[in-house]
Amino acid sequence: AQAAKSYGYVIVWMSISITVILFNKWLLAYAGFPFPISLTLWHMFFCSTVGFLCVRVFKFVPSHNLSMADYASRVVPIGLLYALSLWLSNSSYLYLSVSFIQMTKSLMPGLVYFCGIMLKIEELNMYQVCNMVLIAFGVLVCAFGEVNLHPLGLTLQLSALGFEAARLTLVQILIKSKGIAMNPIQSLYYISPACFVCLFIPWVQLESSKVIPLLMEGKVKFPPALLLLNALCAFALNLAVFMLIGKTSALTMNIAGVIKDWLLIWFSFSVFQAPVTMLNLAGYVFCCAGVAVYNYMKLQKMKKLEKKSLSRKITVDLEKNDKRESA
């Protein structure tokens, strides 16, 4: 029964994630709405509103009551990096295929690892470095095999991955290491407003003069209600991620992510007719092999830490028993 539930969480997360990615690609590249900042800004406004209602109005979840100093020093930097990551990754949909974008995401473990080394929360391990080089080589092969490779799109996507890796590392340093645990609603409540503010400035400068007339004059090629549906899908994805990690593990999510990426490659080919070459697929096999080795090494490290923790607990218990007997 537990295995069936775990599979259910995986299927729900994969389905929503695939829906959001394809939905965003369609809106930005095919539906006459090539405004990535506006779409991201709308998502952040929607998530901020839902977070405020859940935390402050209906009080479904408690607030951490962060001070303004803590908010500025811990949440705002994460919000800025998240805003940049979402903006640039959505922008890349204008230039690159969904399949190739998913292939480049194989670089994420390596980028997070190197950010961790630079910020001194990870130790340099040559086995890990060699594994990351293998993944990078796979992505390079994918790039050589990409028929419609666009230099600007590739730059945007790689920059987005870099900002996302920095964000994940800062979450470890600024939030989790301080004992602050946030569920998805609390994360939306705190981080989404910071993202919104960070995105609002470039939106005013780059897209507001184009988007506002388009929406006011009703010249969009799709019902505006689809934007609400898109935001709801993005919100549902946040909840699905929490359920998957909370009910299974981050390792399960990583493994399921590889399967999801292969499905997206197939959807990109069948829905958007994006060309996928044998060189693309060969490079991505290299990437998957590297990610599999990375997940295995992480699992072994977790097992060692659990054994150390258990042995320490046993030692402490034995010492307590010895003291009682001597007393």
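A polar contact of 2.8 Å links the side chain of serine 63 to that of tyrosine 190. The model is predicted. This report looks at serine 63 and then at a pocket.

**Serine 63**

Serine 63 sits in the loop between α2 and α3 (68-92). Is serine 63 buried or exposed? Its relative accessible area is 19%, and buried means under 20%, so serine 63 counts as buried. Besides the contact with tyrosine 190, the side chain of serine 63 reaches the backbone nitrogen of asparagine 65. The table gives both distances.

| Side chain | Partner | Distance |
|---|---|---|
| Serine 63 | Tyrosine 190, side chain | 2.8 Å |
| Serine 63 | Asparagine 65, backbone nitrogen | 3.0 Å |

Which residues does serine 63 touch, leaving out those up to four places away in sequence? They are Val55, Arg56, Tyr189 and Tyr190.

**The second largest pocket**

The second largest pocket has a volume of about 250 Å³. Its lining consists of 14 residues. Closest to the pocket centre are Ser38, Trp42, Trp203, Val211 and Leu215. Three elements each give two or more residues to this lining: α2 (36-57), α8 (184-206) and α9 (208-216). Which element gives the largest share? That is α2, with five residues.

What is the make-up of the lining by class? Nonpolar residues number 13. One residue is polar, and no residue is charged.

**Linking the two**

Helix α2 appears in both parts of this report. It gives the pocket lining its largest share, and the loop that holds serine 63 lies between α2 and α3.

Definitions and conventions:
Residues are numbered from 1 along each chain as its sequence is written. This is a predicted model: local features need pLDDT of at least 70, side-chain atom pairs count only at pLDDT 80 or more; totals for chains, interfaces and linings use all residues. Side-chain values use heavy atoms; hydrogens and water are left out. On a 1 Å grid over the protein atoms alone, a cavity is a set of points where a 1.4 Å probe fits but cannot get out, and a pocket is an open set with protein on both sides within 12 Å along at least five of seven lines; lining residues have an atom within 4 Å of a point. Grid points are joined across faces, edges and corners, and a volume is the space filled by probe spheres set on the points. Helices (H or I, at least four residues) and strands (E, at least two) are DSSP runs, numbered from the N terminus. Ala, Val, Leu, Ile, Met, Phe, Trp, Tyr, Cys and Pro count as nonpolar, Asp, Glu, Lys and Arg as charged, and the others, Gly among them, as polar. Buried means under 20% relative accessible area, exposed over 50%, partly exposed in between (1.4 Å probe, protein chains only). A polar contact is a pair of N or O atoms within 3.5 Å; within protein, one must be able to donate a hydrogen and the other to accept it, and residues adjacent in sequence count only if both atoms are side-chain atoms. Contact means heavy atoms within 4.5 Å.
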